[in-house]
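Colleague: I would like to go through this chain step by step. Please reason each point out before you give the value or name.

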Amino acid sequence: MSNSQRYRDQHNEILDIAKQIGALLNPADLTAKHAEVSKLLNVLAGKIKIHLSVEDQNLYPSLVKHSDSKVRELATSFSKEMIPITDAFTKYYTKWAAGSAVTKDPNGFITETKGIFAALDKRIQKENTILYAEFDKAG
């Protein structure tokens, strides 16, 4: 098993929940299933929080201390890039976590969800292909 496998597994879990929410992104489903959407958002937020915590406690510290300056710079860059993404997700989650918020503005929820999920997907793909590849090579 590669060093990055647990991070990749967490990414897969996050993407799976996002896919489940994505399948409900129409006003009729959001109105009828707002409690399910709220539950899924809570699970998603929890998984993201755990993932970020594990990266911050384990992944980044080991890469920032690496002997190769390129690896150190990459880790620092990735860590800094995550700050606005985390802030955007926190703002999104705070706004929409209550199912009633979703039913009051389903179209707004759909628009914001597509945007935040696109940003998460882009970040996950970037970590999987660049950061975790370096982590695996670094040993």
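**Salt bridges and buried side chains**

Modeller: A search of the whole structure, which is a predicted model, finds 7 salt bridges.

Colleague: Which residue meets Glu81 in a salt bridge?

Modeller: A salt bridge needs a side-chain nitrogen of Lys or Arg within 4 Å of a carboxyl oxygen of Asp or Glu. For Glu81 the N to O distance is 2.9 Å, and the partner is Lys126. Glu81 lies in helix H4 (residues 69-96) and its partner in helix H6, so the pair ties together parts that are 45 residues apart in sequence. The residue asked for is Lys126.

Colleague: Are Glu81 and Lys126 buried or exposed, or in between?

Modeller: Buried means under 20% relative accessible area and exposed means over 50%. Glu81 has 29%, and Lys126 has 32%. Both values therefore fall in between, and the class is partly exposed.

Colleague: How far apart are the closest N and O atoms of Lys95 and Glu112?

Modeller: Lys95 lies in helix H4 and Glu112 in helix H6, so this pair joins parts 17 residues apart in sequence. Lys95 is partly exposed at 45%, and Glu112 is partly exposed at 30%. The two form a salt bridge, with the closest N and O atoms at 2.6 Å.

Colleague: What separates Arg123 and Glu127 along helix H6?

Modeller: The side chains of Arg123 and Glu127 meet in a salt bridge of 2.8 Å, N to O, and both residues are buried. They are 4 residues apart in helix H6, so the separation is about one helical turn.

Colleague: Which residues are linked with Arg123 in a network of salt bridges?

Modeller: One link is the bridge between Arg123 and Glu127. Another is the bridge between Glu81 and Lys126. The network holds Arg123 together with Glu81, Lys126 and Glu127.

Colleague: Glu55 is buried yet has no salt bridge. Which side chain does it join in a polar contact of 2.5 Å?

Modeller: Glu55 sits in helix H3 (residues 34-64). The nearest side chain of opposite charge, Arg123, is 5.5 Å away, and a salt bridge needs N and O within 4 Å. Beyond four places in sequence, the contacts of Glu55 include Tyr7, His11 and Glu127. The polar contact of 2.5 Å is with the side chain of Tyr132.

Colleague: Is Thr113 buried or exposed?

Modeller: Thr113 lies in helix H6 (residues 106-138). Leaving out residues up to four places away in sequence, Thr113 touches Ile21, Leu25 and Tyr92. Its relative accessibility is 0%, so Thr113 counts as buried.

Colleague: Which backbone oxygen lies 2.7 Å from a polar atom of the Thr113 side chain?

Modeller: The side chain of Thr113 makes a polar contact with the side chain of Tyr92, at 2.7 Å. A polar atom of the Thr113 side chain also lies 2.7 Å from a backbone oxygen. That oxygen belongs to Phe109.

Colleague: How many helices does the chain have?

Modeller: Read along the sequence, the pattern is α-α-α-α-α-α. There are 0 strands. The number of helices is 6.

Colleague: What percentage of contacts between residues at least 6 apart join residues at least 24 apart?

Modeller: The salt bridge between Glu81 and Lys126 spans 45 residues in sequence. Over the chain, among contacts between residues at least 6 apart, those joining residues at least 24 apart make up 77%.

Notes
Residues numbered from 1 in each chain as written. Predicted model: local features only at pLDDT ≥ 70, side-chain atom pairs only at ≥ 80, totals over all residues. Heavy atoms only, no water. Helix = DSSP H or I, 4+ residues; strand = E, 2+ residues; numbered from the N terminus. Buried < 20%, exposed > 50% of the residue type's maximum accessible area, 1.4 Å probe, protein only. Lys, Arg positive; Asp, Glu negative; His and termini not counted. Polar contact = N/O pair within 3.5 Å; in protein donor to acceptor, adjacent residues only side chain to side chain. Contact = heavy atoms within 4.5 Å.
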